Amino acid sequence: MKQFFEGSHAVAEIIKLCKPGVISAYPITPQTHIVEDLAQMVADGELNSQFVNVESEHSAASVVLGGSAAGVRVYTASSSQGLILMAEVIFNIAGMRLPVVLTCANRALSAPINIWNDQQDSVSLRDSGWVQLFAENNQEVVDFHLIAYRLAEDKSIMLPVMVCMDGFILTHGMEVVDIPQQEDVDKFLPPYKPLYKLDPAEPLSMGLLGDPGCYMEARYAVQETHKDVLKLLPKASAEFTAVFGRDYKDCLVEEYLTKDSERVIVAMGSVCGTVKKAVDNLRAKGKKVGLLKIISFRPFPYARVYEALKNVPKVAVLDKSVSLGAQAAPLALEVKAAFCGKKCATKNISSFVAGLGGRDITLDSIKEIFKKLTAKEANLEYIDLKPELLKDEYGE
Amino acid sequence: MENRLLYKPGHTACAGCGQSIAARMVIEAAGPNTIIVNNTGCLEVFTTRFPESAWGVPWIHSLFENCAAVASGVEAALRYLGKKDSINVIAQAGDGGTADIGLQALSGMLERGHDILYVCYDNEAYMNTGIQRSGLTPYDTNTTTSPVGSKSSGNIRPKKPMPEIAMAHGIPYVATSSAGYPQDIQRKVKKALSIKGPKYIQIHVPCPLGWRHETNLTLEVAKLAVETGLYPLIEYENGTLAAKRQIVPKPVEEYLKVQGRFKHLLKSPEELKKIQEIADNNIKKYGLRVETQ
Amino acid sequence: MFGPLIVKPQKSKGDNTGAWRVQSKPSFLQKNCIACNMCLLICPEHCISGKEKNSYHTDYHYCKGCGLCAKICPKADIVMVDEPQQEKK
C-alpha cells in the first residue's frame, strides 16, 4: 500500500512485516527513528519481538549475534561511531556465518565529529565479509531489506547483510513508498529455519578456536560464498519481481542510459537520484552522459561493471567516502580494479570525492564533474572545497 | 537423551587447573538443559580448539568482553520461542573478561534483569595471555605487568569489589565460591538457577602456572585463601548477606608462602602486615570468625 | 560449504593428554577405598570413574598426572608412582 512518511518509518514498517524475534539497538543519530518506531510497535502489540535496550552498540550487535545463534531472526541498526564501535562484533558475526540484517544509516565518522551523511561508516567495514547493499531511495530501502533477509538466510549463503541508506537524506526524507502486504512478504520470505542453532536437544559448540590448521579455509569459504551471492542476488531479485512487481534486474547495478554514453558517473546511494536528474538535463541538451549505479558494493560486481562501461571512453567515480592515504577513493579503486588488465575503450577512470560530512551535492556539482572528465585521469579530486578554510593555519 | 558427558576429558588445560574443576562443577550442577556463552580466555581456548570441543551442552563463544550481551540475546531468543523456562542460560568469563573489559556488558545485562547466571572464574590475572594484572588481581601480587622489582612489591591496587558491584545492580542473588569447595560451587549454582532474574557467582580458581604452585596443591591453595579470610565465601540474597562460610582464621602467611607469586612478601614484614589487614577487614566486614563459646 | 567453526560434541574425542605425563601418574590401589567419590569430583580432566568401593580408576589416555586425586583421597588409596620412562630399544 502506498504511504507517505519518512524513510526511518518505512524501515520500521518493513521490519515489522519480516517479524524478527529479537531486536536490539543503541541510539545514534540518524538511526534513532527506526528503532523508536519499532519500540512503539512492540509497545502497541503490533510486533511480537523481544526488544532489548542495550548499553552500547557493541552489545547491540552481540545481542543479535546471540539471538541469531539461538535460531531466531534478528535485526539491528546503527550508524557512524556506533557501527565502528560494533566493528569487532561485525567481523565476528560474518565469521560465525550468522544471518543478521543491519540497517546502516550512513553518517560521517569522527573526528571531526559530524552527524550528517556520508558513506565512510559502512565502506570502512567492506572487508568484514558482510554483504553490503546501497539504496538510492526509500522504496529501495524497503525492498532491499526483504531481499537482505531472503539472501542472508539462504542455506547456501548464511552471511549477514547490511542495507545502507544515506542518513538524514533517506532516513528523515519523506517519500511515497509502497509498503507490501503481510501475505506477500510471507510469500517471498518464509520463516527462518536455521542451519545450526543453540539447542539442548542437539548440542553443538559455536565459535571455536581456529588455529593455523583451519583458519584459512574458514576465510576462504566466506570469499567463495560472496561469489555465490553474486549469483543469488539476481535470482532473489527475480523472485522479488514475481511477488511485488518492482524490477531490480540483477540487483547488482543499475544502468541508466549508459549504453551509448561517452561519459558516465559511477556512484552509490541517494546521490544517484541527483545524478539521474543531471543526466536527464544534459541529455536534453544532446550530451551523451549516463549513470552506473552500484547496488551491491560487497560483493563487488566486477564483471558487470566492466560489461557496462567497457565502451565508455570517460568514467568518473563519485565517492562519498575516502581511503585516506590511497590514490583513489574506495569505489573508484574497485572500478579501476574491474578494468585491470582488460582490453576496453575506456581511457579515463577518474576518482571524485564529494558530499563528505553531509556537504550537499548539487546538480551543478554533478555537471561540474562531467565537465572535468578531460583526457587526463583525475587521481583523486575533492569537489566543492572551500579554499578560504584551507588557508587558515592552526595557531594564528 | 542419552546420558552424555557434559564436560569431557581430552581438553588442553594445564595439569591441576582450578578453573577446569570449577567449570565442570558449574555445568554438572546446571545439567544438560543449559546453554553456555563463554568469553575468550583459558576456559574457552582449552576446551574448544577446532575440531575438538569438551562441551556436551550447546555452547557459544563470540569475543572477549561480550558474553553477557550475547547471553542476553540468547535469553531474548528463548523468551521469544517460549522456551526460557525450561532452559538455563549461563554466561561465563574470567576475571579480566568480567571486571575489566567485560564490565559494561555485564552491567547492562544485570540492569536489564535477564534471567541469566553469570559466572566469573577468578584466577586473579589475565592468565591466558601470560599472567598479566587485571582489576581482580589482589594487592602486592607479582604479575608480568605488575612485576616485583627494586621499586615495586607487585600490584599497587586492591581487588575490585565485583560481588558488591553486581549487588549494587539490585539483583536477587550474588555469591562467591571456591574451587577448593567443589560441592559448594554445585550448591550455589543450583540455588542460583532456581531463582529468576540475573545472578552473579564469582569462583576463586587457583592457577598452578600463574600462581606458581605445584599442580597437586590447587585445592589446598584455594582452601587456604578462604581460611585466611582473604577470599570470603558469602551469599547475598536480594541485597542482604544471607550466608557466609565461617572460619577459624589462619595467618595470611600460610596462604602466601605456598605460591611463587607472593614469595617476595615473605621477606617484607611491612607488606605482610598490609595483607593481614585486608584479611582482617574481610573477617570483620562479613563476620567470618567462628564464635567460640 | 566449510562454514563457521561449529562442532557436535559426539564428533570430538579430545586430545591424548595422557601423553603429557613426564614424572608421575596416579595408581589406584583399590584396597581401602570408601567410594567417597572425591577423586571423581575434583579431577580437572573428568577422567576418573567408579561407583562401588574399590572400583575407582583413571583413564590414562587423558590423565595428566596432576596429583590432585592422590592429595584428596581420605584413605590414601591413591598414590603417585613414577611415570614409566621411554623403554630402551
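Let me start in chain B, where strand β9 (residues 234-237) and strand β10 (residues 240-244) run antiparallel and are joined by four bridges. In β10(B), Ala243(B) is the bridge partner of Glu235(B), and the two strands form a hairpin with two residues between them, where Asn238(B), in the turn, has a positive phi of about 50°. I should say at once that this is a predicted model, and everything that follows should be heard with that in mind.

From there I would like to move to chain A, which is divided into domain 1, residues 2-244, and domain 2, residues 253-390. The C-alpha centres of these two domains of chain A lie 27 Å apart, and the contact between them takes 25 residues from domain 1 and 20 residues from domain 2. On the side of domain 1 that touches domain 2, at least two residues each are supplied by α6 (120-123), β6 (131-134), β7 (161-166) and α9 (215-244) of chain A. By class, that side of domain 1 has 13 nonpolar, eight polar and four charged residues.

At the start of chain A, helix α1, residues 7-18, offers a simple check on geometry: at 1.5 Å a residue its twelve residues should span 16 Å, and the end C-alpha atoms are 17 Å apart, which agrees. How many of the residues of α1(A) are buried? The count is twelve of twelve, so far as the neighbour criterion of 20 or more C-beta atoms within 10 Å is concerned, and the buried residues include His9(A), Glu13(A) and Lys16(A) as well as Val11(A), Ile14(A) and Leu17(A). Just after this helix, Lys19(A) takes a positive phi of about 55°.

Next, the open sheet of chain A, which has six strands in the order β10-β12-β11-β14-β15-β16, with mixed pairing. β10 (253-256) and β16 (381-382) stand at the edges with a single partner strand each, so one side of each is left without a neighbour in the sheet. Within this sheet, β14(A) and strand β15 (residues 348-353) run parallel and are joined by six bridges, and one of the pairs across them sets Ala316(A) against its bridge partner Ser350(A).

Leu318(A) also lies in β14, which covers residues 314-319 of chain A. Why does Leu318(A) count as buried? The reason is that Leu318(A) has 28 C-beta neighbours inside 10 Å, where 20 or more are needed. Leaving aside residues up to four places away in sequence, Leu318(A) touches Ile265(A), Val266(A), Ala267(A), Val271(A), Phe352(A), Ala354(A) and Ile369(A). By contrast, Trp130(A) is 188 residues away along the chain, and the C-alpha atoms of Leu318(A) and Trp130(A) are separated by 22 Å.

That brings me to the largest nonpolar core, which has 237 residues, and in which Val163(A), Val266(A), Val26(B) and Val74(B) are those with the most contacts inside it. Helix α3 of chain B, residues 67-80, gives the largest share of this core, ten residues. Both domain 1 and domain 2 of chain A give residues to this core, so it lies between them. As for Val74(B), and again not counting residues up to four places away in sequence, it touches Gly66(A), Gly67(A), Ala69(A), Ala70(A) and Leu198(A) in chain A, together with Ile35(B), Val37(B) and Val89(B) in chain B.

Now to the interface between these chains, where 37 residues of chain A are in contact with 38 residues of chain B. Which element gives the most to the side of chain A that touches chain B? That is α3(A), with nine residues, and the side as a whole has 18 nonpolar, 15 polar and four charged residues. In addition, β9(A) pairs in the parallel sense with strand β2 (residues 59-61) of chain B over two bridges, with Met206(A) opposite Ile60(B).

Finally, chain C: 17 residues of chain A are in contact with nine residues of chain C. α9(A) gives the most to the side of chain A that touches chain C, with four residues, and by class that side has nine nonpolar, six polar and two charged residues. β9(A) appears here again, pairing in the antiparallel sense with strand β1 (residues 6-7) of chain C over two bridges, and in β1(C) the bridge partner of Ser205(A) is Val7(C).

Definitions and conventions. Residues are numbered from 1 along each chain as its sequence is written. Chains are lettered from A and ligands numbered from 1 in the order in which they are written. This is a predicted model: local features need pLDDT of at least 70, side-chain atom pairs count only at pLDDT 80 or more; totals for chains, interfaces and linings use all residues. Two residues are in contact if their C-beta atoms, placed from the backbone, lie within 7 Å. Ala, Val, Leu, Ile, Met, Phe, Trp, Tyr, Cys and Pro count as nonpolar, Asp, Glu, Lys and Arg as charged, and the others, Gly among them, as polar. Two strands pair if DSSP finds at least two bridges between them. Domain bounds come from an automatic or database domain assignment. The expected span of a helix is 1.5 Å times one less than its number of residues. A nonpolar core is a set of buried Ala, Val, Leu, Ile, Met, Phe, Trp, Tyr and Cys residues joined through C-beta atoms within 7 Å.
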